[in-house]
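Colleague: I'd like to learn how to read aromatic contacts in a model. Could you walk me through them?

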Amino acid sequence: MRREREIQPGDFETLLLWLDSDPARAEIKFRRIRARLVEIFSLRRCFDPEDLADETIDRVTLKINELLNEYNSGDPALYFYGVARNVYLESLRKNQRRETALETIPMISFEEKAPQPEIECLEKCLDRLPTEQRELVIEYFQDEKQAKIDHRKAIADALGITTAALRIRIFRLKNTLQACLEDCLEGTR
């Protein structure tokens with residue numbers, strides 16, 4: 001996200017003052033709010049709940065001068081949770097766009113229909129991955145329907161992890177591949 005202004009050195013102290021005039025109580029409130037934000041994002045199965053919590057805090061901190069004037073009654077934690085909702089929805093849209101784009105990776109096969117630059121870039125990007133990761137990505141996208149589900153369960157069992165952990169691992173590898181593909185395809189245009 002591109003920000004219009006950056007957090008200034010005194011903004012965080014002002015945020016704490018907004019939470020409570022007593023520094024010790026303000027710190028406790030801040031820690032509780034951050035822990036609750038992490039919990040909220042975790043319960044919503046976000047991939048990096050701590051980063052999303054920090055993004056939420058950063059956004060509130062950026063608006064602290066306005067909040068001092070406009071939001072001077074009520075529980076400040078509720079404002080954080082409202083911002084967290086927006087951050088969550090943005091992360092869903094971002095991940096959905098990324099997933100939609102990333103789903104094309106297994107579709108770029110070595111068939112005649114696939115554009116040649118995409119095949120070449122995919123091969124280059126796969127070659128950049130360590131052997132173990134490259135083989136995992138290739139294995140993960142084999143088979144169809146129930147066979148695919150069974151195969152992925154077998155992969156997870158072989159690695160000694162849950163299928164959810166496998167999906168997260170693949171998601172991260174796909175992000176790496178997608179960034180590499182975009183860079184490579186940008187260079188071919």
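Modeller: Let's go through the ring pairs first, then the charges over rings.

Modeller: A word on ground rules: this is a predicted model, where local features need pLDDT of at least 70 and side-chain atom pairs count only at pLDDT 80 or more, while totals for chains, interfaces and linings use all residues. Residues are numbered from 1 along each chain as its sequence is written, and side-chain values use heavy atoms, with hydrogens and water left out.

Colleague: What makes two rings a pair, and how many pairs are there?

Modeller: Rings of Phe, Tyr and Trp (its six-membered ring) pair if their centres lie within 6.5 Å; planes under 30 degrees apart are stacked, over 60 edge-to-face, the rest tilted. That gives four aromatic pairs here. One of them is Trp18 with Tyr79, edge-to-face at 6.3 Å between centres and 90 degrees between planes. Trp18 sits in helix α1 (residues 11–19) and Tyr79 in helix α5 (residues 76–102), 61 residues apart; helices are DSSP runs of H or I, at least four residues, numbered from the N terminus.

Colleague: Is Trp18 buried or exposed?

Modeller: Buried, at 11% relative accessible area. Buried means under 20%, exposed over 50%, partly exposed in between (1.4 Å probe, protein chains only). Tyr79 is partly exposed at 21%. Trp18 also pairs with Phe80, tilted, with centres 6.2 Å apart and planes at 35 degrees. Phe80 is buried at 0%, and Trp18, Tyr79 and Phe80 form one aromatic cluster.

Colleague: Which charge lies over the face of Tyr140?

Modeller: The rule is NZ of Lys or CZ of Arg within 6 Å of the ring centre and within 35 degrees of the ring normal. For Tyr140 that's Arg152, at 3.7 Å from the ring centre. Arg44 lies over Tyr88 at 4.5 Å.

Definitions and conventions. Helices (H or I, at least four residues) and strands (E, at least two) are DSSP runs, numbered from the N terminus.
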